[in-house]
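Could you walk me through this structure in plain language? I'm new to it and would like to know where to look.

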Amino acid sequence: MGLLVMILGLVVFFGVHTLTIQREARARLIASFGDGGYKIGYSLVAAIGLALIVWGFAHYRSAGMIDVWEGLVPARALVILRHITVALMLPAVILVVASYIRGRIYTTLKHPMLAGVKLWAAAHLLANGDLGSIILFGSFLGWAVFDRISLKHRTDSGGPPIPVGGPTNDLIAIAVGVVAYLALAFAFHPVVIGVPVVGV
């Protein structure tokens with residue numbers, strides 16, 4: 001049941017996110033409901049999808065995960081993969097922060113948010129060999145790749161531009177990213193997800 005709810009949440013979450021790609025449909029909705037109404041509706045649907053993902057995945061884990069490949073990998077190799085995941089999460093978080101505190105990282109990568117999501121998802125796929133995790137993180141990885149490709153075909157800039165600074169912004173993004181990483185690793189992940197960082 002939990003796995004089905006999670007999949008439904010993924011469909012809802014990524015379904016509403018397709019509006020960022022379907023620019024004509026997005027424009028029609030904004031014309032009908034106004035920019036504010038569109039953003040509120042978009043946010044509500046995305047939040048519902050995210051809530052279903054979190055609830056479904058939590059119940060899937062508590063009911064007993066469905067192993068796919070983890071049981072085939074030696075225990076020592078799994079430990080190494082999990083340490084790699086923990087290490088990769090630091091640059092992933094910094095990249096996400098750099099998409100808002102824009103400096104040289106942003107101008108070099110152009111879309112550090114998507115790069116961060118791809119790194120986050122790929123890192124978690126390394127450490128989780130159960131069916132639910134493969135579906136969850138594989139979906140986010142696939143979406144980030146798809147969205148990055150779609151950006152090349154968009155004719156408008158989307159939302160209002162965020163000012164781009166210099167190396168100082170990069171230092172701030174790195175500092176904020178490190179703090180956020182530590183908070184996620186040692187507070188959010190074990191408390192909310194229920195898994196310590198060594199077991200991501």
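Here is a short tour, taking one helix, then the nonpolar cores, then a couple of local details.

Keep in mind that this is a predicted model. A good place to begin is helix H6, which runs over residues 131-151. Its 21 residues reach 30 Å from the first C-alpha to the last, close to the 30 Å expected at 1.5 Å a residue. Right at the start of H6, a side-chain oxygen of Asp-130 comes to within 3.3 Å of the backbone nitrogen of Gly-132.

Now look at which parts of H6 are hidden. The buried residues are Gly-132, Ser-133, Leu-136, Phe-137, Phe-140, Trp-143, Ala-144, Asp-147 and Ser-150. They cover an arc of only 155 degrees around the axis, so they sit on the same side of H6. That fits a general pattern: an α-helix has 3.6 residues a turn, so residues three or four places apart point the same way. And what do the buried residues of H6 pack against? Their partners are helix H1 (2-17), helix H2 (23-63) and helix H5 (112-127).

These helices turn up again in the largest nonpolar core, which has 22 residues. Within this core, Met-6, Leu-10, Leu-136 and Phe-140 have the most contacts. H1, H2, H5 and H6 are the elements that give two or more residues to it, and H2 provides the largest share, with 7 residues. For a close-up, try Leu-10: leaving aside residues up to four places away in sequence, Leu-10 touches Gly-15, Ile-53, Ile-135, Leu-136, Ser-139 and Phe-140. There is also a second, separate core of 9 residues, and among its members are Leu-95, Ala-98, Ala-173 and Tyr-181. In soluble globular proteins, nonpolar side chains tend to be buried together.

Next, the charged side chains. The structure holds 1 salt bridge, and Asp-35 forms it with Lys-39, the closest N and O atoms being 3.1 Å apart. The two are 4 residues apart in helix H2, so about one helical turn separates them. Is this pair buried or exposed? Asp-35 is partly exposed, at 38% relative accessibility, and Lys-39 is partly exposed too, with a relative accessible area of 46%.

One last stop is Lys-110, found in the loop between helix H4 (104-109) and H5. Most residues other than glycine have a negative phi. Lys-110 is not a glycine, yet it has a positive phi of about 70 degrees. This lysine, Lys-110, is exposed, with a relative accessible area of 52%.

How values were computed. Residues are numbered from 1 along each chain as its sequence is written. This is a predicted model: local features need pLDDT of at least 70, side-chain atom pairs count only at pLDDT 80 or more; totals for chains, interfaces and linings use all residues. Side-chain values use heavy atoms; hydrogens and water are left out. The expected span of a helix is 1.5 Å times one less than its number of residues. Buried means under 20% relative accessible area, exposed over 50%, partly exposed in between (1.4 Å probe, protein chains only). The arc is that of the directions from the helix axis to the C-beta atoms. Contact means heavy atoms within 4.5 Å. A polar contact is a pair of N or O atoms within 3.5 Å; within protein, one must be able to donate a hydrogen and the other to accept it, and residues adjacent in sequence count only if both atoms are side-chain atoms. A salt bridge is a side-chain nitrogen of Lys or Arg within 4 Å of a carboxyl oxygen of Asp or Glu. A nonpolar core is a set of buried Ala, Val, Leu, Ile, Met, Phe, Trp, Tyr and Cys residues joined through side-chain atoms within 4.5 Å.
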